[in-house]
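Hello,

Here is the structure I promised to pass on to you. Please open it alongside this email, and my notes on what turned up follow below.

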Amino acid sequence: MEDRLIVSVSGVRGIVGGSLTPQVAREFGRAFGTMLGAGKTVAIGRDTRPSGPELQGAVTAGLLDTGVNVVDLAVASTPAIALMTRLLAADGGVVVTASHNPGEYNGIKFLQPTGTGLTAADASKLKGVWQARRFATVEQDQRGRKSQDAGAGARHVETVAKCCDASAVAAARFKVVLDSVNGAGSLETPMLLERLGCELVHLNCEPTGDFAHPPEPVAENLAELCEVVKGQGAAVGFAQDADADRLAIVDENGVFIGEEYTLALATAFVLSKRRGKVATNMVTSRMIDDVAEAAGCEVIRTPTGEANVVEGMLAHECIFGGEGGGGVIEPRVVLVRDSLVAIAYVLQYMAETGRAMSELVARIPRYVMIKTKIPCGAGAAEKVAVAVRKVFETREDAAFNETDGLRVALPDAWVCARASNTEPIMRIIAEAGSRDVAEALVKKVREIAEAVTAED
Ligand code: MG
């Protein structure tokens, strides 16, 4: 397994004891503290990985070294830590998590005072401070102070519950199977489901970080969940990733519906209550376009990356947003992806419509998404975009979005080519009503891109 420290707009990630050591974590604590300045306060918490306490301790030490005060939130979901960053009026937040990555990884995510991840500009500033090792450390007697707050999970649940109609959900008395992959959702999520009056069958519910399966909530990792939903005759199954910001859904027949449906269903619910704009990234399923169109609402497409979606939501005063990989963003809770919001909204949607999950899914047009990647240097990506655009410009019905690579929207399909932020590759993704059409779009763009990169 290749191990290099990835320092990107989403934070730092590496293999624990390899590229990611307590020393690196302390340096990043010092770098973030240097950016904020002595006397400021940071809220910090972690997912359940066994390496979490040591790494959180190291980041904390680095922050204290620069005179920054630290509030220790211990184990909590990423949305709970983000929410607490805002509620405590902290000057920044830190989550020690590698999200959906396997157990040997860990990472450090840095948050703005709003709870959202750093902007690209601040992330690159942080990287610059770290690379130069220009840390503004203070004298021993001026080091920051540390305090504790054990209430993150409970306050998160409280805030989510206020945004939904708990008694409407409770009246339906749903039986729910939840797979928390022994991650950060293990503690908070049962509290929410209890508030919503659900009967809970909880799989992988110990906050040990001992992942029973790879913690990405995708089909190949959720066989047990599907089986138990069916075997238990449950109304629905939910799967969280290790930091509980993403959610995948299994219907009452034990069928994994695909992670793209989480945002589409939650958006359908939200727009059934309130009208307004919604935002998502370039590569999220067009199901959200159908859902929004049916409600007479507009979809804003932003560059990929959670912070970019949030920026788009703020700029366009969106009432809801998220990303296709199972991440919904409810501004009334906190401006990050939140699996607990998704659970509450999907359950209320089922309760109020009286429809089973499979029926709600059947009401949304079905698409096929095809993804591929090709090697591509940083310089070639722009040339590929120009070449692809030239080919599709011959079609009158094509619309182009170039805020992040190139996205070509056709009346009933789309294709997107964009360079990765972390690897020298280009991802080509297409979605259409049929596999043939999606595959043909990917093939067409791939051929154009390969011709361009071969010249390079
Ligand atoms: Mg995550």
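Cysteine 376 counts as buried, because its relative accessibility is 5% and the cut-off for buried is under 20%. Please keep in mind that this is a predicted model. Does cysteine 376 have a bonding partner, or is the closest cysteine sulfur too far for a bond? The closest one belongs to cysteine 416, and at 13 Å from the sulfur of cysteine 376 it is too far for a bond. A disulfide needs the two sulfur atoms within 2.5 Å.

The count for the whole structure is 0 disulfides. Cysteine 164 is likewise in no disulfide, and the nearest cysteine sulfur, in cysteine 163, lies 7.5 Å away. With a relative accessible area of 11%, cysteine 164 is buried.

Next, the metal site. Which residues coordinate the magnesium ion? They are Ser99, through OG, and Asp241, Asp243 and Asp245, each through OD, at 2.0 to 2.1 Å. Along the chain, these donors of the magnesium ion follow the spacing S-x141-D-x1-D-x1-D. As for their surroundings, aspartate 241 and aspartate 245 are both buried.

Now to the aromatic rings, where the count comes to 6 aromatic pairs. One of them joins phenylalanine 28 and tryptophan 130: the ring centres are 4.6 Å apart and the planes meet at 20 degrees, so the pair is stacked. This pair links distant parts of the chain, since phenylalanine 28 belongs to helix α1 (residues 22-36) and tryptophan 130 to helix α4 (residues 120-132), 102 residues apart. Phenylalanine 28 is buried, with a relative accessible area of 0%, and tryptophan 130 is buried too, at 12%. If you want to follow the rings further, ring pairs link Phe28, Phe32, Phe110 and Trp130 into a cluster.

Tryptophan 130 comes up once again when we turn to charges. The charged end of arginine 133 sits over the ring of tryptophan 130, 4.6 Å from the ring centre. What sits over the ring of phenylalanine 400? There you will find the charged end of arginine 389, 4.4 Å from the centre of that ring.

If you would like a place to begin, try the magnesium ion with Ser99 and the three aspartates named above, then move on to the stacked pair of phenylalanine 28 and tryptophan 130.

Enjoy looking around, and best wishes

Conventions: Residues are numbered from 1 along each chain as its sequence is written. This is a predicted model: local features need pLDDT of at least 70, side-chain atom pairs count only at pLDDT 80 or more; totals for chains, interfaces and linings use all residues. Side-chain values use heavy atoms; hydrogens and water are left out. Buried means under 20% relative accessible area, exposed over 50%, partly exposed in between (1.4 Å probe, protein chains only). Donors are N, O and S atoms within 2.8 Å of the metal (3.2 Å for Na, K and Ca); water is not among the atoms, so sites may look incomplete. Rings of Phe, Tyr and Trp (its six-membered ring) pair if their centres lie within 6.5 Å; planes under 30 degrees apart count as stacked, over 60 as edge-to-face and the rest as tilted. Helices (H or I, at least four residues) and strands (E, at least two) are DSSP runs, numbered from the N terminus. A charge sits over a ring if NZ of Lys or CZ of Arg is within 6 Å of the ring centre and within 35 degrees of the ring normal.
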